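Here are my notes on this one, in the order I would go through them at the screen. Have the viewer open and tell me where you would look next.

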Amino acid sequence: MFNNKKIVINGIKDNDRMSTQALLQLIEEKVEEGYTDFEINACGQHDIGGSSWNKEGKELNFRITNPGQRVGGMARKGTNIYVEGSVPADVGWLNSGANIIVNGDCGDTAAHCAASGKIYVSGRVGTRSGALMKYDPKFETPEFWVLKNTGSFSFEFMGGGIAVICGYDCAGIKSVLGNRSCVGMVGGTIYCRGPIQGIAKCVDVIDLNENDKQFLTSGMKRFLSAIDKKGLADTLLDFTEWHKIIPLSTEEKTKKISVKDFRETQWVEGGIFGDFIEDDMSVFELAATGKGRLKQPVWNKEQCINCELCIKNCPNDAISKTEDNKYLSSDDKCIGCSICATVCPKNAWTMQNNKKEIS
Amino acid sequence: MTKVTINQLHKDDLPWIIEYDESKCIKCGRCSATCSFGAIKPAIEQRVKSGSISEKNKLEKVIVIKQEIGFANHCRGCGMCERVCPNGAIRAVRNTDDRYSIRYRSETAESVKKGGRSNLNTEGRTLDKIKVGRISQMTDPSLDALRHTFELKTPFGRVLSADKLGLNNENGKMIETKTLPPNRWIYPIIMGDMSIGAVSWRMWEAMAIATAYLNEVCGIPIRMCTGEGGIPSRLLKSKYVKYMILQIASGHFGWNRIIDAMPDMVEDPAGILIKIGQGAKPGDGGMLMANKVAKYVQEIRGVPKADLLSPPTHQGLYSIEESVQKMFLSMNAAFNFRVPVAIKVAASVTSVSVYNNLLRDPYNIVGGFFLDGLAAGTGAAHEISLNHTGHTITSKLRDCYKAAVKQGRQGEIPIFAGGGLGQTGSFAADAFKLICLGANGVFSGRLLLQIAGCVGNDTERCNACNTGLCPAGIASQDVCLTKRLDIDKVAQNLVNYILATDLELRKLMAPTGCSSLPIGRSDALITVDKNVADRLDIQYVC
């Protein structure tokens, strides 16, 4: 902080509140002038700490009280934000690399669309927090650490990044992720400690592995130190109550037993018509042979003149002749087309209906 | 040469003509072996051997495929011959100049009978003129069809208004002071309503399996209506009967077996549907031709092999009031008032009177009103009924719903609408629009057959369900034909279609901002047709 130019800005002066535009333009002016340390006593002005940078590449430090929505919204890498007290909605919205610490609770949609940087919260966060967090491999993974719990619908459509919900001070709360969280989650990882209920079906809740424990151990120290709660380390690093939530792959989401397997393993054994019908459920192709034929030829010795036209014209070579001039049609070859009966000059072959009712 | 006279039946009298290209035919016989109607057969024709003068009049015999000319075995245009021909040598072509309707009646003194739907299509299709026009954007949040949670459930059973529930508060606890009518929350689509007999055992079981699978594996609480052709005891005694709505129609077929199975039933059925009439042939009872009354159908139904013509009415019922007092009461009593009982009627100019009467049912035993429109399908009907009787579903559903709204009693007797849904390819859209117009749910049968492989359509293709010669093995009881049907494939296709429809329903619910069914939300609908707008009381747009 040595050599840093520091400035204090009050969002309210003589009972006159600065507009968000005036405050943000003043900050920008001071950033241009080379100020890097800001103490901002805000009066609900929005978007403080966002999208600014020092021309010489120095870090920008904001210490903020009483901000409005979207504190740290669109904040860049090299920005450090510390908020004393609770904040309203959208803290760290579209965070692109800033370190944001909130020493208090956050309103709705905290860390919404955060794509890089770290957001540390020493209290609870509201509904839809962590929604649409993402990870761009060219940048650092976004991290979102919450000491207590989230509201409902958190982590909707999450696409990447890591969220850690520590479940501290949550006695009596049925779900540290609220209800219907993780709807549409396709990427990223959520670690959470304590009970979870009503979570979306598109995710899997699994146990921690060694890498997870290592990540949490090292990350937890930084987090607790940042929010000045080092004493909780032992409690929070007892891994017995932790879960890891990851999205299911598209294949896993749609994986179901096939209807055929369902019929064979769970359906009424032998089929519901088993009392009436013996049916192995095999399928006859069109123009089938054997029992699948609609018609079958029958040979009448009396009529036959042994001209062999049937043998010559049978498209399936199904007809053969024995030594004593008996004509046979092979059930395995004949499809019942009735060409034999058609070409026979004497009606020695006739077609018999093979169609029959089930008995 | 055979004699040709003008008054004999000719090929060009028939609705379909076989187009045959001899140069491509390899005489494999697959087409004639496949045709279930016997509409094509090999034949011998003569050809001039060569064109030379010295060989004049030298003829040779060749095998060709010829179309049969007759009423019993004429081509229905099913196209199976084209499917099996390795060379594309044969196909059925629609005869636009046919004289079949005149010839059949004048030769046989019979009315024309067929299956399928009305083939006239003169009434147009109102549902296709309606669009979902109320899209939530800034006014209220739209939802994500893929990822948000939707409640696609509708009540089946009598719904009482709050003041009639008889709930009391005793020491902070809610106490029921009287037995409430049974009510089940089910998926807004009911499948089936086709009897064993009308469809093959494989088709019927495939529907039952698909229903069970959708419930057990997919968590979709869809129900299947059995139709009235009896129910196999094995199904009655299985846990899956809880997904079945048992039908009783005027034939009362198979109910002795249901009664017999009662002590062994481990679950109650999903409901009971009293079928009074059907949209395809209102005023007619069920009709199953003798060639489909297989031995097991005879057993289940308790009848001999004969044409089974169910009476047009339940013979013990003479009025709406009596049907409530007698039929509803008996069917409620059958399962000790635990199972909702609904009624199915064909849409008619009188439907509102019927619905209003049912709404006044003092016993709260009327659990649903199924309204079937004229575009519904059937396994067999007189063509005259199919094409010329009935009432379109859309306005009649709307009339009934609005009649209930007028009394502040909408939803008390849930309305289910059916008849021609999915006819133009979008089942989910049809279902959604009808729901917005006041339906609690919809039902569909004909579409399921098409999913299963039925090639029939509403422009005279096939529609031979009544003959029992269904080339797809769907509307047949013949072993060779029925075994053409792959039960697992059919059940899987039914499941897949419902899953796709479920997604598409959500794709319509989401932009309208509805996470539960938009029953009666006609503000979501618009039309560019002023007459439709006026009649249905929805917004006219241009």
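1. What covers the buried residues of H2(A)? Keep in mind throughout that this is a predicted model. The cover includes four strands of chain A, namely S8 (116-121), S9 (143-146), S10 (159-165) and S11 (187-193), along with helix H3 (233-236) of the same chain. The buried residues in H2(A) are A:Leu216, A:Phe223 and A:Leu224.

2. Staying with that helix, H2 of chain A runs over residues 210-226, 17 residues in total. From first C-alpha to last it reaches 24 Å, close to the 24 Å expected at 1.5 Å a residue. After H2(A) comes A:Asp228, and its phi is positive, near 60 degrees.

3. S11(A), one of the strands covering H2(A), also has a partner worth clicking on. It pairs with strand S13 (residues 242-247) of chain A in the antiparallel sense, over 4 bridges. To find the register, look at A:Arg193, whose bridge partner in S13(A) is A:Trp242. S13(A) also pairs with strand S12 (residues 203-206) of chain A, again antiparallel and over 4 bridges. There, A:Val205 stands opposite A:Ile245 of S13(A).

4. Now the interface. How many residues of each chain are in contact with the other? For chain A it is 44, and they meet 51 residues of chain B. Two helices of chain A, H5 (259-265) and H7 (339-343), each supply at least two residues of the side that touches chain B. H5(A) gives the largest share, 4 residues. By class, that side of chain A has 23 nonpolar, 12 polar and 9 charged residues.

5. A:Phe273 is a good residue to centre the view on. It is found in the loop between H5 and strand S14 (295-299) of chain A. Is A:Phe273 buried or exposed? It has 22 other C-beta atoms within 10 Å, and the cut-off for buried is 20 or more, so A:Phe273 counts as buried. Leaving out residues up to four places away in sequence, A:Phe273 touches A:Asp279 and, across in chain B, B:Trp201, B:Glu205, B:Pro232 and B:Tyr296. For a sense of scale, A:Phe273 and A:Asn103 are 170 residues apart in sequence and 69 Å apart in space, C-alpha to C-alpha.

6. On to chain B, which is divided into domain 1 (11-110) and domain 2 (143-516). Their centres, taken over C-alpha atoms, are separated by 41 Å. The contact between them takes 8 residues from domain 1 and 9 residues from domain 2. On the domain 1 side, those residues divide into 4 nonpolar, 3 polar and 1 charged.

7. Helix H9 (residues 351-359) of chain B has B:Ser351, B:Tyr355 and B:Leu358 as its buried residues. Why are they on the same side of H9(B)? They cover an arc of only 60 degrees around the axis, so they share one side of the helix. What covers them includes helix H8 (320-334), strand S17 (341-346), strand S18 (369-372) and helix H11 (393-406) of chain B.

8. Chain B also has an open sheet of 3 strands, in the order S6-S22-S23, with mixed pairing. S6 (130-132) and S23 (539-540) stand at the edges with a single partner strand each, so one side of each has no neighbour in the sheet. S22 (residues 525-527) and S23(B) pair in the parallel sense over 2 bridges, and B:Ile526 stands opposite B:Gln539 there.

9. Last, two residues of chain B for your backbone check. B:Asp537 is found in the loop between helix H16 (530-536) and S23 of chain B; its phi is near 60 degrees, a positive value in a residue other than glycine. With 11 C-beta neighbours inside 10 Å, B:Asp537 counts as exposed. B:Asn463 is not a glycine either, and has a positive phi of about 50 degrees. It is found in the loop between helix H13 (446-452) and helix H14 (479-482) of chain B. B:Asn463, however, is buried, with 28 other C-beta atoms within 10 Å.

Terms used
Residues numbered from 1 in each chain as written. Chains lettered and ligands numbered in written order. Predicted model: local features only at pLDDT ≥ 70, side-chain atom pairs only at ≥ 80, totals over all residues. Contact = placed C-beta atoms within 7 Å. Nonpolar A, V, L, I, M, F, W, Y, C, P; charged D, E, K, R; others polar. Pairing = 2+ DSSP bridges. Domains from an automatic or database assignment. Buried ≥ 20, exposed ≤ 12 C-beta atoms within 10 Å, placed from the backbone. Arc of directions from axis to C-beta. Expected span 1.5 Å × (residues − 1).
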